[in-house]
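Me: I am new to this structure and would love a close look at a single part of it. Could you take me through that part step by step, and then show me how the rest fits around it?

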Amino acid sequence: MIRHITAPINTTIITAVAAIVLALPVYSLAAGGSSYYGEEDLVILSEAKATEVATRAVEELLKNSKEKLTRALASGKASEEAKISKAAATTKKKEETLGYQATKITSIASKNHHRATAVTISADGDIGEYDSFVLDSPARLVVDVWDIGSELSSRTVSIDIDSEYVEKVRVGTHPGKVRLVFDSPLATIPKHSFSNSRGALVVTFGNADYEYKAKEIKKPKKDKAPSSAAILNAISVCSKDAPNMTKKFTDETGYRLKRVSLKMRNPENKPDHYERRVLRDFERLKKKGLLKGTTIHKRVVDEDGGRYLRYIKPLVIHKPCLNCHGRASNIPVEVRKFISKNYPDDKATGYRLGDVRGAVSVRIPVK
Ligand code: HEC
């Protein structure tokens with residue numbers, strides 16, 4: 001399972017740590033957040049099995065947080081754009097209606113005019129509210145039509161469109177809405193407009209006075225900084241989702257899984273003596289340029305009158321982390337306000353790229 005393990009702590013340190021830890025009162029899991037397990041109830045695993053469980057728990061937590069963070073930072077962007085286009089849509093003049101509300105989308109057809117493609121979404125009545133927003137890499141226009149179903153298929157259908165602006169539209173039926181995703185072969189979604197009348201929503205891409213010049217369409221900047229709204233939106237990933245994931249693991253297995261740091265934002269994430277030693281070791285490795293993405297500390301130790309696998313993986317600062325853990329100038333003012341209000345003892349700022357932010361730590365009793 002583990003491709004590369006560096007065990008940065010030497011035996012003398014371990015003995016010293018074990019001595020300190022043994023001198024402390026017995027760690028109780030109830031204090032760690034679970035009230036369901038006494039340690040006597042725990043399944044005692046072999047070292048190999050415990051390592052497997054620890055590896056899986058840590059990797060899942062990291063993968064999940066990363067995905068959630070990326071999505072949150074991107075969706076913040078999308079919802080802002082949705083607001084803008086919704087505002088634009090509502091300022092449009094009232095259009096002709098059939099007088100009865102559509103219940104489903106019945107067909108989708110496209111037509112090319114001079115330098116424009118019109119995609120007509122037909123329904124069995126008037127299409128009411130809809131929202132749209134643009135996503136890039138790859139370029140997509142997302143249109144949500146609310147309070148309506150689709151007759152096209154119960155699942156997602158994809159309809160090819162013969163156009164230089166859009167190559168296909170994917171239609172997905174969800175509770176309360178139908179989502180249409182227009183995929184463009186271009187680097188960015190071309191200029192487009194909506195017209196909603198008499199049982200049809202028409203999305204027109206390009207237009208007669210829109211001069212399409214491939215050269216002018218630039219690749220969107222990959223590293224576009226997320227807006228402060230997106231960052232606020234992402235806070236819950238680090239402040240709720242990650243703690244929920246660690247708590248769930250502990251509740252289900254009785255084994256301890258924590259995020260810890262030497263400079264905590266939340267005092268609950270305080271490392272124990274052993275973790276503190278390992279975190280300092282990770283920092284030393286980092287200074288020497290020896291800390292790798294694969295670095296893991298893994299050791300079986302005698303502590304609290306038992307044998308435990310200690311499995312600790314460092315968490316390093318990447319670019320998105322700077323939005324909330326970087327220098328004050330990196331952190332939007334609304335985010336700073338949120339942090340100082342909710343974490344009055346916050347120590348978790350001032351980090352730079354590559355710094356050790358903390359670690360994910362697992363402790364599992366072994367045979
Ligand atoms: C949107 C803001 C935000 C971003 C981005 C963010 N964090 Fe956090 N982070 C927080 C908050 C808020 C907490 C406090 C969590 C809690 O209450 O347990 C936190 C806590 C932590 C903790 C637990 C230790 C402590 O200080 O309490 C670690 C470890 C951590 N973050 C690492 C990271 C890493 C690594 C990244 C980048 C991949 C990152 N964070 C990105 C807001 C953020």
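How many residues surround the ligand, and which are the closest?

Reply: Happy to help! Please keep in mind that this is a predicted model. In it, the ligand is surrounded by 23 residues, and the closest are Cys238, Asn266, Cys321, Cys324 and Gly358. By character, the shell around the ligand divides into 12 nonpolar, 8 polar and 3 charged residues.

Where do these residues come from? Three elements, α3, α5 (319-325) and β14, each supply at least two residues of the shell. Helix α3 gives the largest share, with 6 residues.

Let's follow β14 outwards from the ligand. This strand belongs to an open sheet of 4 strands, whose order is β11-β14-β13-β12 and whose pairing is antiparallel. The edges are taken by β11 and β12 (297-303); each has a single partner strand, so one side of each is left without a neighbour in the sheet. From one strand to the next, the twist averages 20 degrees. Within the sheet, β13 and β14 run antiparallel and are joined by 9 bridges. One pair to look for is Lys313 with Val360, its bridge partner in β14. Helix α4 lies across β11, β12, β13 and β14, and runs at about 140 degrees to β14.

The sheet also leads us to the nonpolar interior. In general, nonpolar side chains tend to be buried together in soluble globular proteins. Here the largest nonpolar core has 38 residues, of which Ala54, Ala57, Val58, Tyr311, Ala359, Val362 and Ile364 touch the most other members. At least two residues of this core come from each of α2 (47-90), α3 (228-253), β11 (256-260), α4 (273-287), β13 (306-316) and β14 (356-365). Helix α2 gives the most, with 8 residues. So α3 and β14 are worth finding on your screen, as both supply residues to the ligand shell and to this core.

Tyr311 is a good residue to pause on. Leaving aside its neighbours within four places in sequence, Tyr311 is in contact with Thr51, Ala54, Val58, Ile296, Lys298 and Val362. Apart from the largest core lies another one, of 27 residues, including Leu141, Val143, Leu180 and Phe182.

Before α2 begins, have a look at Leu42, which sits in the loop between α1 (11-23) and α2. Leu42 counts as partly exposed because it has 15 C-beta neighbours inside 10 Å. Although Leu42 and Gly254 are 212 residues apart in sequence, their C-alpha atoms are 6.4 Å apart in space.

To finish, here is another set of strands to explore, with β10 (residues 200-205) as the one to follow. Its side chains alternate: Leu201, Val203 and Phe205 point to one face and are buried, while Ala200, Val202 and Thr204 point to the other and are not. Strand β2 (residues 116-123) pairs with β10 in the antiparallel sense over 6 bridges, and there Val119 stands opposite Val203. Strand β9 (residues 192-197) also pairs with β10 in the antiparallel sense, over 6 bridges, with Asn196 opposite Leu201. The strands β9 and β10 form a hairpin with 2 residues between them, and Arg198 in the turn has a positive phi of about 45 degrees.

How values were computed
Residues numbered from 1 in each chain as written. Predicted model: local features only at pLDDT ≥ 70, side-chain atom pairs only at ≥ 80, totals over all residues. Buried ≥ 20, exposed ≤ 12 C-beta atoms within 10 Å, placed from the backbone. Pairing = 2+ DSSP bridges. Core = buried A, V, L, I, M, F, W, Y, C linked by C-beta atoms within 7 Å. Contact = placed C-beta atoms within 7 Å. Near = placed C-beta within 6 Å. Nonpolar A, V, L, I, M, F, W, Y, C, P; charged D, E, K, R; others polar. Axes fitted to C-alpha atoms, helices over the stretch in contact; angles between N-to-C directions.
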